[in-house]
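Open the model in your viewer and keep the selection tool at hand. The stops below are taken one at a time.

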Amino acid sequence: MPLLAEKIRPLDGTGGGPLYRRLEDALRDALRDQVLKPNEALPAERDLAADLSVSRITLRKALDTLVNEGLLIRRQGAGTFVAGRVEKQFAKLSSFSEDMAARGRTVRSEWLGRSSGAVTPDEALTLGLSPGTPVYRFNRIRFADDTPMALEYSTIPGFGLDSEEVVGASLYAALEVTRNRPVRALQRLRAVLFNAGQAKLLGIEAGAPGLYIERRGFLADGRVIEATRSWYRGDAYDFVAELDTRG
């Protein structure tokens, strides 16, 4: 493998600022230009610091920033890797857990809250429910390989689950147990900028670009089983849709 110092722009150019910032910028450019390829492993930090002629403290500060931005991933016992962007196919109705598992990523969630209660007027309109109908609410941060990837807020009609506690890593897996997994969905997507509160939860800067998706999932009999609002990091996802002139 060629030395990384030969693959990125020099650190002793005209750019000012602390050395770790210049290293950070050089690595970020290399990642953007795919000089460093998705899923490529970086050398061990000791070797990388020697290669780049910087201290390990300087290197660690630069790498920490890129890990927090989701551009690099640290895997315990394996080292640091270039993050691969996730392609989300709109043509396939799948869960976050399924998408990540299909790409060999380790999935986990950090719960912001889960509860049950009576449907709100807005939820009733979205889900097609009568006033007073019980619902379950699930709010969480979704992680892949310990990198926060998305914020997810879901509401499920009370008939869909036995309790809020049955949902673990995958909401769709819990719905499948009760035979209430959606068979089709309508989604609306738009570009957004993360506000300060959202950015703090995802470990990114306020104002960073993201993708907002509203999803309504339907059962085979036409009832709405899921209303989910998700905010995805714009630096981690490519959304792909297949278009066809036939039919």
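Start with helix H2, residues 45–52, and look for what its buried residues touch: they pack against helix H1 (19–32), helix H3 (56–68) and strand S1 (72–75). Bear in mind throughout that this is a predicted model.

**Stop 1: the two sides of H2**

Select Glu 45, Leu 48, Ala 49, Asp 51 and Leu 52, which are the buried residues of H2. Why do they sit on the same side of H2? They cover an arc of only 160° around the axis, and therefore they share one side of the helix. Now select Arg 46 and Ala 50. These are exposed residues on the face of H2 turned away from its buried side. Then step on to Ser 53, which follows H2 and has a positive phi, near 60°.

**Stop 2: the largest cavity**

Next, select Ser 95, Phe 96, Glu 152, Arg 215 and Tyr 232. Of the 20 residues that line the largest cavity, these lie nearest its centre. The structure holds 1 cavity of 30 Å³ or more, and the volume of the largest cavity is about 210 Å³.

Colour helix H4 (96–102), S5, S6, helix H6 (171–177), S8 and S9, since each of them supplies at least two residues of this lining. Which element gives the largest share of the lining? That is S9, with 4 residues. By type, the lining of the largest cavity holds 5 nonpolar, 8 polar and 7 charged residues.

**Stop 3: the second largest pocket**

Clear the selection and pick Thr 126, Glu 214, Ala 227, Thr 228 and Arg 229. They lie nearest the centre of the second largest pocket, which is lined by 19 residues. Two or more lining residues come from each of these elements: helix H5 (121–127), strand S5 (134–144), strand S6 (147–157), strand S7 (184–193), strand S8 (209–218) and strand S9 (224–233). The space in this pocket is about 430 Å³. Its lining divides into 8 charged, 6 polar and 5 nonpolar residues.

**Stop 4: confidence**

Finally, colour the protein chain by pLDDT. The chain averages 85, and 87% of the residues score at least 70. Where is confidence lowest, and where is it highest? Select strand S3 (residues 86–89) for the lowest, at a mean of 64. Then select H5 for the highest, at 96.

Notes. Residues are numbered from 1 along each chain as its sequence is written. This is a predicted model: local features need pLDDT of at least 70, side-chain atom pairs count only at pLDDT 80 or more; totals for chains, interfaces and linings use all residues. Side-chain values use heavy atoms; hydrogens and water are left out. Buried means under 20% relative accessible area, exposed over 50%, partly exposed in between (1.4 Å probe, protein chains only). The arc is that of the directions from the helix axis to the C-beta atoms. Contact means heavy atoms within 4.5 Å. On a 1 Å grid over the protein atoms alone, a cavity is a set of points where a 1.4 Å probe fits but cannot get out, and a pocket is an open set with protein on both sides within 12 Å along at least five of seven lines; lining residues have an atom within 4 Å of a point. Grid points are joined across faces, edges and corners, and a volume is the space filled by probe spheres set on the points. Ala, Val, Leu, Ile, Met, Phe, Trp, Tyr, Cys and Pro count as nonpolar, Asp, Glu, Lys and Arg as charged, and the others, Gly among them, as polar. pLDDT is the predictor's confidence in each residue, from 0 to 100.
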